[in-house]
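I opened a new structure today and kept notes as I went. Here is what I looked up, entry by entry.

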Amino acid sequence: MRSSFLLLMLSCIAACSAPPTPTPEPMPDPDPVVTSFTAEKPTLTRGSRARLTAVFANGEATISPALGGAVTSGAVLETAPLDADTTFTLTVSAPDKTPATATVVVHVVPAAEITSFTSADSIVTAGTSTTLTAVFTGGTGTVTPGIGPVTSGTPFNSGNLSSATEFTLTVTNAAGDAVTRTLQVDAATEPRIVSFTAQKTTITRGTAAVLTAVFAGGMGVINGSSAVLSGDTFTTLPLMSDTTFTLVVTGPVGMPKTATIDIVVVDAPVILSFSAVQEDITAGQFAQLLANFSGGTGAVSGQGSIASNQLLDTLPLSSDTTFVLTVTNPAMDTATAMVTVHVHAAPNITSFTAARSIITTAQMTTLTAVFSGGTGVVDQGLGPVVSGMPIDTPQIFTQTRTFTLTVTNPAGSTATATVMVQSVASPVINTFTATPRHSTIGQSVVLSGSFGNGTATIDNGVGTVSGPSFFVTSPPIQAATQFRLTVTNAAGDSVFAVVDVTAVPPPVITSFTGVPVGSMDAGTTSVRLNVGQWISMTPVYSAGVGRIGPTPAPSGQLFNQTPTTDTTYTLSVSNDAGTTVTADVNALIDHDVYVASGQGYVAVYRSHLDMAGPPVRRIYIQNCPLPSGVALQPISAGGLVPAQLWVTCRAQGATAARIMRIQSPQAINNSAAMPATSSLTPISGAATLLNNPVSIAIDSLNGVPTVLIVAESGSPSPLARGRVLVFSASMGGNVAPLRMLDPPTSGDLTQLGLITQVALYASEIYVASRNISGLSATNGVLVFPLTWTGTNIAPTRWFIPTSTGTFVNGLAVNADGIYVSSPSGLTHFSLGVTGTPSALHVLNVGPGGQLAIFDRQLMFANVDMVWGHSTVDLRRLWGAQGPAFSLGVAGQIAVDPLR
């Protein structure tokens, strides 16, 4: 209540403090006003009504001359028809106001009228023009198409017309109302002939020609009397002679046009005759046709043209054919005739065979002919035959008889075939035996015999055998066997014979081994013995009787022997059929292998040593000091030094070497027992070449001990050429050589320089030489006869055994061939080699050494470089490389040279 009171008080205070509001004066009424007063068309044709529109306000309006009815602002009012120009006034009035007015003038003009619209020519030649004239009033005139505005009564050109044209005259007054009139002017072309043709320009006498005229621009007439339409055909009367036809075309404009056509009248074709020379022929043959005709040219269907009264050869025919002769005259009218040629299949012989083309003498066979296309006849008196039906021949005694089949068809063509029947003699077996008739199971027998008049086979895996006599081996038999020999002649007839063979089991050796007498070792097939030691052998076998050599050796019983050399013992076991099996036990007697070092000692090995342990013994040689640090070792008892052992020894720092001979056979028991030695010293003359011996070979040639010594030529160059000297093995002291050999100094062999190795075999000396020209490494092997005389003897052959860059270091010869060692490996040659090696056996045998061969064992003393010191090891090589034993500086190697 309190707040309402306060608001009332504030309102009262505000009202009481405002000035008084004056009373407004009334507004005056607006004056009449005209916004617009217009006529829809300001110009009208006489007799037309005007359409007026008044836009006004603030009053009432009237229009004079009066239109009748109230005037509403914006409404359209239509007047009465007007005959003259009229001014209409709009008045808008209001009480006490000055009226507002506006006027609009409507002009009235006469209607347009066309009096005439004419052309000077109603038709013109296409492409030409004419003159047109339009007469009109009350407006402006325009002519279409292509003319435009024209003046009343003034002629104007139509322009060139190509076809009928309708012109339109339009006259328009000032009110825009128009009247029109049309005028047609025709345009015609001159007469024109497009074509005038005949269906055939050449016709047969007595027939009508058919003509066709194509034209335009007029009427057509043929030969002056016959009217024709363009494009229609016109058939003449039958013509008997050549005739010319003329077409004339006349039109409304231009000159008439003409065209002509000539019709040629010819005789009708006539066929007098048409026939085939042969109306029956064989397939694949040709027929001959003959025709007689006139009045045209002739053609035969499928064959081409034919001349009257001349033969025509057809193409080859395969079936019945009807030929049609057509004779055509120049008017293309024809006459036809037909003839039929009958074609028969060629006689065909599919087969003509004999049941047996080869028979045994006096036998007969059957013949079968398979044929078609005719009838068949067989000669030799057999006569007609039916295809597929066999006929019998008579007995045939002659060696060969030929039968001929002839097949003839209805056209008279024939086919022939022949078959030959051969008669052969009967097979015969003369003999048939087996050797042995009593055989061992698993073995073969020899089957022999003779036969004739055929081929022979034996069963049980033997097969075909050749005659007339044969010896063949059967497959292994496993039991008693009967062999059948069958002989079959060419006709397939056969005879046979048999032979029986019995069989017994084969002998079998279960085991055959030996051991040294008293040994508890298991038996082996290769037993090593010392000289004088016994071997005990035990044969175990079955199904036979055994012998060792000539001595009977029952199965399971001991057989003892004392071999003095390597010996093979052969056990032979034979059964009742004479079959023998064998087994061998080899007794190997150990021999000594000597390797002499240039630094003063000789190592002695056993030739059959398995190389698994240290050397058996070692022998020291006087006058050649041992290298520093090398100590002598105890040796084993047993064995003998050979009668003579030749070695070379070069002391450290020495410029020359010694050749020494150990020649006192004695047992060696320890290192202190030294053999006596003798040496060869330089002698005068040619023997001064012994200054620097480098290689020794010793052997027994024809029972005479022989020593070959290779010596360098000495100072000052150790690489100078050397020579080979031959001594007796029994010599001693300062003796001259028996013979000596220098390498050739001329020819290709001049490339072979320093002699390094020598070997002796089968009356030939093999010399290894090293080229020194330019210090190159090429080397070769020369082969000389042992009994040369003089010096500078050419070798019988030579070869370079290794490639460039290697040196020959070891040379050994035996019946197996030549063995050459070099740093690149061991090479094997045949004895007569002149070029490429035959096989390469062992590689990597080291930088060089010595070779010796004994009992098909190849021993090799190999030089290796170990910590700057030269050492030699011994290896046993036969396709494989053995263990090595260090032996010092390389020297010589020999195997029992004189035992």
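Before listing any neighbours, I fixed one term: a contact means heavy atoms within 4.5 Å. I also noted that this is a predicted model.

**Entry 1: the whole chain.** I started with the secondary structure. The protein chain has one helix and 77 strands. Next I checked burial. Of its 899 residues, 39% count as buried. Then I looked at contacts between residues with a separation of 6 or more. Residues 24 or more positions apart account for 53% of them. Last came the surface. The accessible surface is about 44400 Å², and carbon and sulfur atoms hold 55% of that.

**Entry 2: the largest nonpolar core.** Which residues touch the most other members of this core? I found Phe37, Phe88, Leu90 and Val106, out of 21 residues in the core. I then asked which elements give two or more residues to it. They are strands E1 (33-39), E3 (51-57), E4 (60-64), E6 (86-93) and E7 (100-109). E7 gives the most, with five residues.

I picked Val106 for a closer look. I left aside its neighbours within four places in sequence. Val106 is still in contact with Ala39, Lys41, Pro42, Leu44, Ala50, Leu52, Leu82, Ala84, Asp85, Thr86 and Phe88.

Apart from this core lies another one, of 20 residues. Among them are Phe274, Leu312, Leu317 and Val343. I added a general reminder: in soluble globular proteins, nonpolar side chains tend to be buried together.

**Entry 3: a nonpolar patch on the surface.** Not every nonpolar residue I looked up sits in a core list. Val277, Leu290 and Leu311 make a nonpolar surface patch of about 260 Å². Where does Val277 lie? I traced Val277 to the loop between strand E24 (270-276) and strand E25 (280-282).

**Entry 4: strand E15 and its partners.** I followed strand E15 (residues 178-188) next. Does E15 run parallel or antiparallel to strand E9 (residues 123-125)? The two run parallel, and three bridges join them. Thr125 has Ala188 in E15 as its bridge partner.

Strand E14 (residues 165-172) also pairs with E15, but this pair is antiparallel and has eight bridges. Here Thr168 is the bridge partner of Thr182 in E15. E14 and E15 form a hairpin with five residues between the strands. In that hairpin I noted Gly176, which takes a positive phi near 90°.

Conventions:
Residues are numbered from 1 along each chain as its sequence is written. This is a predicted model: local features need pLDDT of at least 70, side-chain atom pairs count only at pLDDT 80 or more; totals for chains, interfaces and linings use all residues. Side-chain values use heavy atoms; hydrogens and water are left out. Helices (H or I, at least four residues) and strands (E, at least two) are DSSP runs, numbered from the N terminus. Buried means under 20% relative accessible area, exposed over 50%, partly exposed in between (1.4 Å probe, protein chains only). Accessible areas come from the Shrake-Rupley method with a 1.4 Å probe; for residues, only the protein chains shown count as cover. Patches are made of residues with over 30% relative accessible area and no salt bridge: like charges are joined within 9 Å, nonpolar side chains (Val, Leu, Ile, Met, Phe, Trp, Tyr) within 5 Å. A salt bridge is a side-chain nitrogen of Lys or Arg within 4 Å of a carboxyl oxygen of Asp or Glu. Two strands pair if DSSP finds at least two bridges between them. A nonpolar core is a set of buried Ala, Val, Leu, Ile, Met, Phe, Trp, Tyr and Cys residues joined through side-chain atoms within 4.5 Å.
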